[in-house]
Every structure is written in C-alpha cells, then in structure tokens.
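Q: I am new to this structure and would like a close look at a single part of it. Please start with the aromatic rings and follow them to whatever surrounds them.

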Amino acid sequence: MPIITLPDGSQKNYSKPVTITEIASGIGAGLANAAIAGNVDGNLIDTCIPITKDSKIKIITSKDKDGIDIIRHSFAHLVGHAVKQLYPEAKMAIGPVIENGFYYDIAYKKNFTPEDLKLIETRIRELIALKYDVEVNIVSKEIARKTFIDRNESYKVQIIDQIPDNEIIKLYKHQEYIDMCRGPHVPNTKHLKSFALTKVSGAYWRGDSNNEMLQRIYGTAWGSSKELKKYLNKLEEAEKRDHRKLGKKYNLFHTQEESPGMIFWHPKGWSIYQVLENYIREILSINDYLEIKTPQAVDRTLWEKSGHWEKFKDDMFTTNSENREYAIKPMNCPCHIQVFNQGLKSYRDLPIRLAEFGSCHRNEPSGALHGLMRVRNFVQDDAHIFCTEEQIQQEVDRFIDIVFEVYKAFGFDSIIIKLSTRPANRVGSNEIWDKSEKALADALNFKKLDWSYLPGEGAFYGPKIEFSLKDSLERVWQCGTIQVDFSMPGRLGASYIDENSNKKTPVMLHRAILGSFERFIGILIEEYEGIFPTWLAPIQVSILSLTDRNNDLCKNIYNILIQNNFRAILDIRNEKIGLKIREHTMQKVPYMIIIGDKEQADNTISVRSMKGKDLGNMTINEFQNILKNSILLKAKSQSKE
RNA sequence: GCCCUUGUAGCUCAGCGGUAGAGCACUCCCUUGGUAAGGGAGAGGUCUCGGGUUCAAGUCCCGACGAGGGCACCA
C-alpha cells in the first residue's frame, strides 16, 4: 500500500490507492481547494488519478509554474467548450500551451473576427462561473476514435490516427464538451480566473502552407489577476519601445508605400548607421579582413551556376537590358568568389577574408515585412573566408570571439546561439554535411557556449551557427551567423594550388557579425529605448544660448566641437532656456551646453546631462575630455548621470 | 503569399451617411527669459488610390496598394 512522501520529507501511509485530492484534504481544506494537479515522482497527474505505489509527490497549485501551465492548457479546453456552444459546426484542431498563454486552432466556415472573440470570452466567463467539475476518462485509442468520429471532430481523429496503437488516451469532459489531452487539467473550472483572449489569426493545419488555413485564437492566462495585469502592462511598455514608433519619434528613418520593405534613412538614423559601419570596419581591419565592393546587378547565369536561381528565382528582383536578364544581388557570396577567382591563389595565401558592406535585395513575402527587422533591401556586414578544411575550426573559433566582442560593446548579454543542420532540400554529400556540422559543433563546444540544435534549418549549401537577439516583445531575430560551405566555391570554379602543386577547391565560410545593419539598428533602438549612448548618439551635444547676447560664443563653441569631430547642434532660437532644455532632453541628446552672460564673463560653459544632472561649469577642453571618455566607454551602461 | 485588423493635417488621434475637427508641431507678432512647456494671432487636409450604392460617402459595399498582429517563408 502506498507510502506518500511530501516535499518536506514527511511521509503518510495509505491503506489503499490514494488520489492527490485525498492527500491534499488530509493536509488541509485550503490546500484541497487549491490543488490543481500532482507531481508524482516527476510526472504530472490529475488530482483524481489513484496513486498505487510508494511515491514522492508534490501538490501543484496556481502558484507553481507547472500549475500555471495546466491552467493555460485548461483555458484552451474552455475555448473549445465555448466555441462549440456558440458555433456548433466548428471543428477543434489543436490547443497547446505557449509562452504566457495558449491558443486553439479551429476550423469553421466563417472567419472569426474580434467581435467573435468578445463573444467567446464572455461565454468562457459564464462557464467559469458555473464552477463545473472536469472529468477525466482514460480510454483506448479505438474508443477515443469513435468518440470524435461521432462528434464529427475530424482533426481530432487525424491526431488519434498518429498515436501508437497501444497508447492510452485521456478524454477530458467539460460538461457536454469533450477534448483530448495528455493532461493533467484542472479538476474544476473554479481554478480558471485570470485570462484574456488576445488575438485571432490564420494558421495552417500542421504548420504547412499546403494545408487549409485554420483560425487560431490566442489567449493569455495567469495564476492571479495581479500577474495578468503585470503581463498586460509589460506588453504596453514594450510597445513604447517599438523601433518603428521610436524611429518616427526621433526622426531616424521612414518607409513609404512606393518602396515597401526598403528604408529611407534620415540624417539621424544614418548617423547611427555610419558609426556602426565604421566601428565594424575597424574590427575587420584588425582581424585581417580585406574590404571589397561588388556589383548590384549580376547576370542570371551566375545565379544559375551558384544554385540560387533554381531555389530562389521568385524571391529575387530581376531586371533586363539588351536581351540579358540580371538579378539584383540577394547575397554577396557569388560575387566574392569572382574576386577570389582573379589571379592564381596558393595555399600560402589562405585564409583569404573578403569583406563587403553589401547591399542586398530579396523579394520577401509581403506578410513577412516588419519595420527594420525584415526588409527587402538591407546591407550585410558580410564577409567570406576562403580557407582549407584544416583552417575551418580556427576561423570559426576566431569569428565567435569577434561576435562576442562586438555584442559586448552594445551591452547585449543574452545571445541565443543555434546550430542549424542539413535541410531536406540541399546540395552536397552527406559526408560533407557530417564534416561541416561537426566543425561548427566542435567550435561551439570548445568555447563552452550554451547552444542548441535547430535541425533541418541550415542553408541549402551548408550548416550555420546563428547568433540571435530579442526585440522588446521578445521576438527572436537572427543577427550574426557563420556558415560552412563546401559547395559553392566548387560550383563557381574557385581553386588554389596546394603544397604538392595540385589544384584544390577551398572551403568558404559565410559570416556576418551584425547580420544586417537595418535589423541590428532595429534591435538597438528597442534595446536602448531610443536613448543612444554617446558613441552612437546622432547628436552628442547641443549648445543652447540663454539670450542673443550669447549667440557668438555659442557659435564658437559649436565650431570647436564639430571641428573635433563631435556631433553637435546649435540652438540659438529666441526661446526660453527651459523650453530648449526640455526639447533637447526629449530628443535624448546626451549632453547640453548652456551659455549665458555668466559663462561669457568667466569663459566657461555650463554642462547638463540628459538625465537632468547639472555637471557644473567647466572649460571647453575639460568638457571635450568628458565627451571623449563617454564615447570610449561605448556600452549602454554609461550616461546614467 | 494566407487570415484578422487598419489607412483622416507634419505627429498623435476624434468624427462613422448631410458642405472636415482637437492637441502638439509649423508661420508671424510680442517677449531676451538662468536649467523639462512665456503670450497672442494665423496657415495647414481631392479624409491612401480606383470603382459602386445613394438626392448626398472619410462615413456603407467591392477591388488595389500600404501598414499592424499572427501563420507560412527567411539563401
């Protein structure tokens, strides 16, 4: 008969199989009331399932992470219950738990609108108010199958057909509604309190765009209304950091209908871009890269040879001239191989690292476009390393160091590292893929980095390491990458002479640190909330006059600063100093210089930081040192004062 | 590309069948003021574009294009 061990180490003996509900009741009525499920020897079970053998158990409530996930899962069932009451012909597909909530995919003759969402939400609240018990039935595959055939739930039947024959299936009965799930679920709808249905969207059945589109209802759910509010608040705050909003607010860039997915950079945004480019150029230079520039439009025959035409024809912009068809380059690698191919190369020359700030155009699907993050024209801080097989490891290793150095300069600490392996549609033999995937994995392990596999997500020519960053809404965007390519150099005739005078094909490593300037700046805007550290700030210092008696001195100070390559602006408008300070503060200029009669008399300047701190009076030279130091510091931690 | 939503002044938004509105910004005038908004006056819109319904259309319907959120895609 089971001996139950509780988390505090205490044990209870039972004379017969016992359920979580019974154990909880034995401890206290409050706990019995709060019990959502149990963790038995590491497995989650429903409160009503009898435990037959000696076990270590924990009673799960809405305070546990597992409890919240169960609540979210049960909310998905409630969506099912409500939807089937309101739209009896709807067919339920899948309703999993996701980060912060859940969704349910549903097939229905008419598409759901936000009004439907409101109706469903109201119905869910009514169902919760009923505080009905959720019953679990453990059934055979056959019975489950019959149940859903009878209910005309064809998607559920499809799911059942993929479950192994001997496996048991749990059916959760929500009054007249029945859903299928591994569980566990809450024993009663009284546990379901804090939720909101958040959005409707289309979603393909089984994630395949060849299948029909279902309708997805998203919701968020929490253990308490306080947590729900906190989450909704967080979303609101994140929206304020949206780079598209801030781009407008701080006059960095814009887009317009005539060129969807392409950026019009304004002076301030372009200033950030140029600082970034020059910074990367320095990094490249000290790491033995050679910068080149290659054509924008290239004859289609080159793309046919490289394999891009076959795979990406529809995704390239093309143009014609005198019976020839050109593609606007979607990537730089084929052109870089052309540069490599000029002149005979010796093994002594390798590795050769060719870098380009390469502007690429890709005709991305309209639905994929997203501010600066996903665009149709972008500039990569691209480079291709031509090397021998033996050199791969050290080059990958060296590159990873550069990525971390650069990301550190921007203050990024959570970098997501993935290794994408061979896709179904690929070129190159399995041996080559084995070798390339291993080379990348070895390099990551050598660095003792935290990384994971992304199976099947590699490029068609080779596997890749991706370095991704999150935006304000925690959406993940790939930025840096390094990719091993054993195929394209051969296809495009790249070769070098080895130590035995034999012609050999080099390996090519595609790599980018920032990825695209557009995306990286988008991430930076959100990371910094538009408040750029001095080294990146489009305007580093504003010079504000107090009265027009001070204008000439302001102009002098301004001239000194711009001659020393600081980014300064002059504000000698006939406005009060309070207004000027307010405006420049709101434009997030790191430093303000204020000049009035007093400064003019003692030949100093008064300096104020964006954060509102009065840095006092000083000479222009003293201030230039402050600026220089602030710029050298780089990372976001500065300009706190 | 697919589904839902959406497109009004430079910006943020109101108006939702009956001759276009607010705040901020802008222009001009007054004000020369010491560390986050001085005052007054004025100008500004074929309401994304193309069809349709109606005596009458930002307002309703259809289509195109763009944007937002998802899905799919992402060399």
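A: A charge counts as sitting over a ring if NZ of Lys or CZ of Arg is within 6 Å of the ring centre and within 35 degrees of the ring normal. The model is a predicted one. In it, arginine 216 lies over the face of tyrosine 103, at 3.7 Å from the ring centre. Another case involves lysine 345, whose charged end sits over the ring of phenylalanine 340, 5.4 Å from its centre.

Rings also pair with other rings. Across the whole structure, a search finds 30 aromatic pairs. One of them joins phenylalanine 410 and phenylalanine 412: the ring centres are 6.4 Å apart and the planes stand at 40°, so the pair is tilted. The reasoning rests on two cut-offs, because planes under 30 degrees apart count as stacked and those over 60 as edge-to-face, with the rest called tilted. Phenylalanine 460 and tyrosine 461 form an edge-to-face pair, because their planes meet at 65°, with ring centres 5.3 Å apart.

Are the residues of these pairs buried or exposed? Buried means under 20% relative accessible area. Phenylalanine 410 has a relative accessible area of 0%, so it is buried. Phenylalanine 412, at 9%, counts as buried. Phenylalanine 460 is buried at 8%, and tyrosine 461 is buried at 7%.

Rings can also gather in a group. One aromatic cluster is formed by Phe253, Trp265, Trp270, Tyr273, Phe357 and Phe517.

The buried rings lead on to the nonpolar cores. In soluble globular proteins, nonpolar side chains tend to be buried together. The largest nonpolar core here has 69 residues, and the members that touch the most others are Val406, Tyr407, Phe410, Ile465 and Phe520. Phe410 is thus in this core as well as in the tilted pair described above. Helix α13, residues 392-409, gives the most to the core, with nine residues. What does valine 406 touch, not counting residues up to four places away in sequence? Its contacts are Tyr279, Ile280, Ile283, Ile513 and Leu514. There is also a second, separate core of 36 residues, which includes Phe75, Ile106, Tyr108 and Phe112.

Helix α6, at residues 154-161, shows how the buried residues of one helix are placed. Those residues are Tyr155, Lys156, Val157 and Ile160. They pack against several elements, among them β8 (101-107), α5 (141-150), β10 (169-174) and β13 (213-222). The residue ranges place tyrosine 103 in β8 and arginine 216 in β13, so the charge-over-ring case above involves two of the elements that α6 packs against.

β13 also supplies at least two residues of the surface near RNA strand B. Other elements that do so include β12 (194-204), α18 (577-586) and β32 (605-609). In total, 56 residues surround RNA strand B, and the closest are Ser201, Tyr204, Met331, Asn574 and Arg582. Of the atoms of RNA strand B that come within 4 Å of the protein, sugar and phosphate account for 49%.

Three arginines come up to the strand through their side chains. An N or O atom in the side chain of arginine 374 is 2.8 Å from a base oxygen of RNA strand B. For arginine 582, the partner is a base nitrogen of RNA strand B, at 2.6 Å. For arginine 608, a sugar or linking oxygen of the strand is 2.7 Å away.

Away from the rings, threonine 294 gives an example of polar contacts at a buried position. It lies in the loop between β16 (290-291) and β17 (297-299), and at 9% relative accessibility it counts as buried. Its side chain makes a polar contact of 2.8 Å with the side chain of lysine 329. Another polar contact, also given as 2.8 Å, joins the side chains of threonine 294 and glutamate 356. Leaving aside residues up to four places away in sequence, threonine 294 touches Lys329, Cys335, His336, Val339 and Glu356.

Methods. Residues numbered from 1 in each chain as written. Chains lettered and ligands numbered in written order. Predicted model: local features only at pLDDT ≥ 70, side-chain atom pairs only at ≥ 80, totals over all residues. Heavy atoms only, no water. Phe/Tyr/Trp six-rings, centres within 6.5 Å; stacked < 30°, edge-to-face > 60°. Buried < 20%, exposed > 50% of the residue type's maximum accessible area, 1.4 Å probe, protein only. Core = buried A, V, L, I, M, F, W, Y, C linked by side-chain atoms within 4.5 Å. Helix = DSSP H or I, 4+ residues; strand = E, 2+ residues; numbered from the N terminus. Contact = heavy atoms within 4.5 Å. Near = heavy atom within 4 Å. Polar contact = N/O pair within 3.5 Å; in protein donor to acceptor, adjacent residues only side chain to side chain.
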